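Please open the model in the viewer and keep the selection panel at hand. The stops below proceed from cavities to strands and then to helices.

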Amino acid sequence: MAKDRPVYMGPRLRRLRRELGLTQADMAADLEISASYVALLERNQRPLTADMLLRLARTYKMDMSELAGDGGAEQTARLQAVLKDPMFADIDLPVLATGDVAVNYPGITEALLRLHTAYREEQLALADRGVEQEEDADAPDPVAESRRFLGARRNSFPLLDDAGEKLAREAEEAGGLAGWLKAKHNLRVRRLPSEVMAGSMRRLDRHRDAVLLDDALDGASTQFQLALQIAYLEMRRDFDALLKDGQFASESGRRLTRRALASYGAAAIVMPYTVFARAVEARRYDVEALARQFGASFEQTAHRLTTLQKPGQERIPFFFLRVDHAGNVSKRLDGAGFPFARHGGSCPLWSVHHAFERPREVLTQWLELPDGQRFFSIARTVTAGGGGWGAPKIERAIALCCAAEHAHRLIYVAGEAPPEPVPIGVTCRLCHRSQCMARSAPPIGRDMLPEDFRRSHAPFGFAGG
C-alpha cells in the first residue's frame, strides 16, 4: 500500500503564528518543540505530522479542518486557470507540478497571479489607447478604467462571493435582509414616496437609524437595494483590498469600480455562489426561472451568470452586453473571451439590436466571427424605472453569450442541431466581410475600390474582398 504523501503547511503555519502575535520561540515553547524546528516547518523543510497537527489544534483551540484548510485547492485552481493563457501554450506545465507550486510556494503563486492580472490590465489599457483620436488622449476615462479592472479579473471575485454567502446565511437566520439590518445594525427599513427621496433609490439615514427606499421600487429592486446597503456596510475592507491591486488614473475610475464591486457583493448576497451555481445546472441556465427562484430581475440574474468563475466551481463562462435603442453600450462584462468592440457599437446583425422589435421575448441566435469562432447568444429587452403612472422609464436590450461548445448545456438549445450561424463582425471598422450589406464603414487599413456598379448590393467595395 502506498504511503500517504507528506503534508507541508509552512506558509499556513507562519500565517497562523503571526495572526496569534507569536514569535517562533513563543510557538516553540507552547508546542514543546525547539524554535529551530518551528523554522524548518515554516520553510517547508519538514512535513507537518499528525501529532503536530493535534498539538496545534489543542494548544490554540482550533478546529482541525480550519487548520488544514483546503490543501491549496483554490490557489491551485487559480494558477491552473492562469496557465491556460495562450502565451503559455508552448510550455509543458504538468498539473501535478502546478499543484506542488501552489501548495508549497503560495507566496510565489500569489506573486504570479498578481503579475498576470497586471499584465491583463495593461493589455486592455493598450487596446483602449489611441482608439478615439478626437478625444484628449491624456484625459482619463473612468468607465474604461473600471471595465479594464473587471475584465482583467474576468468579473470574478471569490473574496466577495465568500463574504456574500456568509451574509446570506445570517440574513436567512434573521428572517430576511430587513431583519438582518435591524438585528445587526439597528436599522429599520422605511419606504418613502419618490418626491421625498428626491431622485435617490436608497439612502442611509444615520440620524433616524433607517434605510430609506423609494416606494416605487419593485420586489427585485427592493431586495437588491437592501443587499447593496449590506454590502456597503459589511464589505468595505474587501473592496479596499481588491482596489489596492488596481491601476487607476482617476479618482472617478476608482469610485466607479467600487460601485461595481458593491453591486457584485449585493448579487452575491441575493444569489449566493454555491446555491446559485447548483441551481443554474438544475435549471439549465434558464434565466427567467432562476430570476423567479432567487427573487431577482432578469438583468440581475443574467449579470450574475457572468461571475460564476470561482476556482474549482466554475460554470459556463458568459459575455454580457447591454445596449439602448441607439446602439449605445452601457455595460460590458466579459467572462467568455468574446472579442467585443472596445469602442463604438457592435454588429447590427446581432439579435440584441432586434430585441426591441419583440419586447420581453427571449431571442436565440448562433453567431460566427470572421476568424471562425462560434458563439450562442440569447437577447431580451429589460426595463428600468417606472413604478407608477407618468414615471420615467427606459428600455434596453441585453445579450448573454457563450462559446458554441457550451451551448448544449443551455435550455434554449434543447438538444437541437445548431442551424447555420449568422456571420457577424466585432464592429464594422474591424470586420473584413466585403459582402455585408449592413456595413456602416469600410474596415481600417483596406483601400476602397473605384466606383463599381457591379458591387451595388454592398455599400462599400474594398480591395482584397
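A cavity, on a 1 Å grid over the protein atoms alone, is a set of points where a 1.4 Å probe fits but cannot get out, and its lining residues have an atom within 4 Å of a point. The model is predicted: local features need pLDDT of at least 70, side-chain atom pairs count only at pLDDT 80 or more, and totals for chains, interfaces and linings use all residues. Residues are numbered from 1 along each chain as its sequence is written, and side-chain values use heavy atoms, with hydrogens and water left out.

**Stop 1: the second largest cavity**

Select Tyr285, Phe318, Phe376, Ile378, Leu400, Cys402, Leu410 and Tyr412, which line the second largest cavity. Its volume is about 40 Å³, where a volume is the space filled by probe spheres set on the grid points, joined across faces, edges and corners. By class, this lining has eight nonpolar, no polar and no charged residues; Ala, Val, Leu, Ile, Met, Phe, Trp, Tyr, Cys and Pro count as nonpolar, Asp, Glu, Lys and Arg as charged, and the others, Gly among them, as polar. Strands E7 (374–385) and E8 (393–403) each supply at least two residues of the lining.

**Stop 2: the sheet**

Next, display the strands; strands (E, at least two residues) and helices (H or I, at least four) are DSSP runs, numbered from the N terminus. Two strands pair if DSSP finds at least two bridges between them. Strands of a sheet pair through backbone hydrogen bonds, either parallel or antiparallel.

Six strands form an open sheet in the order E5-E4-E8-E7-E6-E9, with mixed pairing. At its edges are E5 (329–334) and E9 (422–423), each of which pairs on one side only.

Colour E7 and E8 to follow their antiparallel pairing over eleven bridges. Arg380 has Ile398 in E8 as its bridge partner, and Thr381 stands opposite Ala397 in E8. Then add E6 (residues 363–368), which pairs with E7 in the antiparallel sense over six bridges. Here Thr364 is bridged to Ile378 in E7, and Ile378 is also one of the residues lining the second largest cavity. E6 and E7 form a hairpin with five residues between them, and Gly372 in the turn has a positive phi of about 95 degrees.

**Stop 3: the largest cavity**

Which residues line the largest cavity? Select Cys347, Pro348, Gly425, Val426, Thr427, Cys428, Cys431, Cys436, Ala438 and Arg439. The volume enclosed is about 80 Å³, and the lining divides into seven nonpolar, two polar and one charged residues. In total, the structure holds four cavities of 30 Å³ or more.

**Stop 4: two helices**

Move to helix H1 (residues 10–19), in which Gly10, Pro11, Leu13, Leu16 and Arg17 are buried; buried means under 20% relative accessible area, with a 1.4 Å probe and protein chains only. After H1 comes Gly21, whose phi is positive, near 70 degrees.

Gly151 lies in helix H9 (residues 142–152). Is Gly151 buried or exposed? Gly151 is buried, with a relative accessible area of 18%. For a distance check, label Gly151 and Glu121: they are 30 residues apart in sequence and 7.7 Å apart in space, C-alpha to C-alpha.

**Stop 5: the whole protein**

Finally, zoom out to the 18 helices and nine strands of the protein. Of its 465 residues, 43% are buried.

Technical notes. Buried means under 20% relative accessible area, exposed over 50%, partly exposed in between (1.4 Å probe, protein chains only). On a 1 Å grid over the protein atoms alone, a cavity is a set of points where a 1.4 Å probe fits but cannot get out, and a pocket is an open set with protein on both sides within 12 Å along at least five of seven lines; lining residues have an atom within 4 Å of a point.
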